[in-house]
Amino acid sequence: MLKIAIVILNWNGEALLEKFLPSVTTFSQEAELYVADNASTDGSIAFLKKNYPQINIIQNLSNGGYAKGYNDALPKVNADIYCLLNSDVEVTKDWLLPIIKEFKENPSAAIIQPKILDYKNKTHFEYAGAAGGFIDKYGYPFCRGRIFNELEEDNGQYNDVKEIFWATGACLFIRREVFDELKGFDEDYFAHQEEIDLCWRAKNKGHGVFYVGGSMVYHLGGSTLSSMNPQKTFLNFRNSLYSIVKNLPFKKAFPIILLRLVMDGLAGINFIFQGRSKHCWAILRAHFSFYKNFINIFKKREKAHFIRNYYATKSIVWSHYVNHVKKFNILVKD
């Protein structure tokens, strides 16, 4: 039997815990439950102790974000499979069973995500993960079921099991030995896209990342940083550059970085036309931070075989904004 541990990272999220823990405790009998608290200053800990004494509490000493929060907490969890679950996720009946089945029957499956639907619009896929993540040649992420802000309706078109490039950190299952082998998340990311880097490094080491459509959860999204927050723009653009440097042969990474200067600049101009100049400044800050930390990130490059076929399409930006592609199945033929 595989031992499953669901670990929910929390920071000042008492209201989210109150709203979303009932489904997790009701429908997760196959797993042991943990809340890893990032030094909350609200009533989260008192709420858990009073209302959910069966949940194990891990109290981290600081708020190190998503990456450090899980890196600090998971060594204290005894399990074969970790489920990293956001505090704003509602799970469904028997959601764990298809995941456990895939891990048992597929030894190459190191990381798995379920179907992620929108808690506020439950007929549609949710932004952060949808039906499994991919990237284009230049490191821009997209999903089956979500291209930029275009969200597909769930009509059963992704009720499959499929190898993907990255699994969302909103609900990510990973074998403990693989997490240990990868030495966890890169804490320099703080938050956003650290799961893409983790999955990319796993693939470089020969592990598989899969989507299991028979398991379904609903994600609220934006509970930490909304898409309107320039800090989220900063982290997404900078961390995407980090992943390119870390996970590609340098002769491929270098020209992509140069092209990203231009492409990210165009994204910044687009933000200005939208009246969102703070997001343009966030992109500039992302590049400044990337160049400042380049040597440190370069030193983290893995001594591993770099996979060649890492991207699903050459340019998701061109496909979407020029060719007006809005659905994954039009962009990429399964």
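Trainee: What share of the 334 residues in the protein chain is buried?
Mentor: Buried residues make up 55% of the 334, where buried means under 20% relative accessible area, exposed over 50% and partly exposed in between, with a 1.4 Å probe and protein chains only. This is a predicted model, in which local features need pLDDT of at least 70 and side-chain atom pairs count only at pLDDT 80 or more, while totals for chains, interfaces and linings use all residues. Residues are numbered from 1 along each chain as its sequence is written, and side-chain values use heavy atoms, without hydrogens and water.

Trainee: How many helices and strands does the protein chain have?
Mentor: The protein chain has 12 helices and 14 strands; these are DSSP runs numbered from the N terminus, with helices (H or I) of at least four residues and strands (E) of at least two.

Trainee: And why is the chain called as compact as a globular protein of that length?
Mentor: Its radius of gyration is 19 Å, close to the 20 Å that the globule rule gives for 334 residues, so the chain is as compact as a globular protein of that length. The radius is taken over C-alpha atoms, and the rule is 2.2 Å times the number of residues to the power 0.38. The C-alpha trace spans about 55 × 40 × 40 Å along its principal axes.

Trainee: Now the interior. Which residues touch the most other members of the largest nonpolar core?
Mentor: V77 and I111 do, in a core of 75 residues. Such a core is a set of buried Ala, Val, Leu, Ile, Met, Phe, Trp, Tyr and Cys residues joined through side-chain atoms within 4.5 Å. Helix α7 (residues 230-247) gives the most to this core, with 7 residues.

Trainee: What is V77 in contact with, leaving aside neighbours within four places in sequence?
Mentor: V77 is in contact with A5, V7, Y34, I58, Y82 and R176, contact meaning heavy atoms within 4.5 Å. Apart from the largest core lies another, of 31 residues, among them I6, L48, L85 and F173.

Trainee: Different topic: backbone angles. Where is N12 found?
Mentor: N12 is in the loop between β1 (4-10) and α1 (14-27). Its phi is near 50 degrees, a positive value in a residue other than glycine, and N12 is partly exposed, with a relative accessible area of 29%.

Trainee: And K183, buried or exposed?
Mentor: K183 counts as exposed, at 73% relative accessibility. K183 lies in the loop between α5 (176-181) and α6 (194-204) and has a positive phi of about 60 degrees although it is not a glycine.
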